[in-house]
Amino acid sequence: MKLATLCVYCGSRSGARPVYLEQARAFGRLLAERDIGIVYGGASIGVMGAVADAALAAGGRVIGVIPEALAEKEVAHGNLTQLLVVDSMHTRKAKMAELSDGFVALPGGIGTFEELFEVWTWLQLGFHAKPVGVLNVAGYWDGLLEFLDHAHAEAFLSGEHRRFLQVGATPETLLAALETWQAPITRRHWVGPGET
């Protein structure tokens, strides 16, 4: 699957260990080298800033999407290819999804979790047929992955839907998984804002 633009969800914090920023920078550089644009939340700080800065330094394209109310709080990035300031979180997420060919979560907090689960749910429901994955930096997502296996064992998550979530321990392995992922036959088409 050809990925022209990848949506990256990640934290506005840097995390407790240097490896989180190191791998965010490696991922940003890899995407730029492969001519894959980035759509992300638009901040200049934390893991978000690290992935954007690395991609830009390597000649990549980076689009930030940020709600007006968060532009100051999250310190909106001033040197992006494009910064879209929108009216709400709902608009932000819809615009990021619209502009992207796939979705990746790097380490982050509650917002990252929510964004990841939303696009994964949309895939399960057939609202899109784009790959979804996590970059499992230093085992950051191990606890979640174990819980997902528990949910499957308890028959609340089907094996098919569990396998929808791609996992890579390095930027290279995750990107390879996303590019070779086979989309399921969707039951319905993507309905964007204002469409019926």
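**Close-up 1. Cys7 and Val39 as bridge partners in the sheet.** In this predicted model, Cys7 finds its bridge partner in β2, and that partner is Val39. Strand β1 covers residues 5-9 and runs parallel to β2, with 3 bridges holding the pairing.

**Close-up 2. The whole sheet, strand by strand.** Zooming out, we get an open sheet of 7 strands, paired in parallel and ordered β4-β3-β2-β1-β5-β6-β7. Which strands sit at the edges? They are β4 (82-86) and β7 (165-168), each with pairing on one side only. Going from one strand to the next, the twist averages 25°. As with sheets in general, strands pair through backbone hydrogen bonds, either parallel or antiparallel.

**Close-up 3. Helix α3 lying across the strands.** Here α3 lies across β1, β2, β3 (62-67), β4 and β5 (103-105). Its direction is at about 160° to β3.

**Close-up 4. Lys93 reaching over to Glu114.** Staying with α3, we pick up a salt bridge between Lys93 and Glu114, whose closest N and O atoms are 2.6 Å apart. Lys93 belongs to helix α3 (residues 89-98) and Glu114 to helix α4 (residues 110-125), so this pair links distant parts of the chain, 21 residues apart. Are the two partners buried or exposed? Lys93 counts as buried, at 9% relative accessibility, while Glu114 comes out partly exposed, at 35%.

**Close-up 5. A short-range pair in α3, and a network.** Glu98 and Lys95 also make a salt bridge, with 3.5 Å between the closest N and O atoms. These two are 3 residues apart in helix α3, so about one helical turn separates them. Both are partly exposed: Glu98 has a relative accessible area of 46%, and Lys95 has 27%. As for shared partners, salt bridges join Lys93, Glu114 and Glu118 into one network.

**Close-up 6. Glu179 and Arg34, a tie across the sequence.** How many salt bridges does the whole structure hold? The search turns up 6, and one of them joins the side chains of Glu179 and Arg34, at 3.9 Å from N to O. Glu179 lies in helix α7 (residues 171-180) and Arg34 in the loop between α1 (18-33) and β2 (37-40), so the salt bridge ties together parts that are 145 residues apart in sequence. Each partner is partly exposed, with a relative accessible area of 25% for Glu179 and 38% for Arg34.

Technical notes: Residues numbered from 1 in each chain as written. Predicted model: local features only at pLDDT ≥ 70, side-chain atom pairs only at ≥ 80, totals over all residues. Heavy atoms only, no water. Salt bridge = Lys/Arg side-chain N within 4 Å of Asp/Glu carboxyl O. Helix = DSSP H or I, 4+ residues; strand = E, 2+ residues; numbered from the N terminus. Buried < 20%, exposed > 50% of the residue type's maximum accessible area, 1.4 Å probe, protein only. Pairing = 2+ DSSP bridges. Axes fitted to C-alpha atoms, helices over the stretch in contact; angles between N-to-C directions. Contact = heavy atoms within 4.5 Å.
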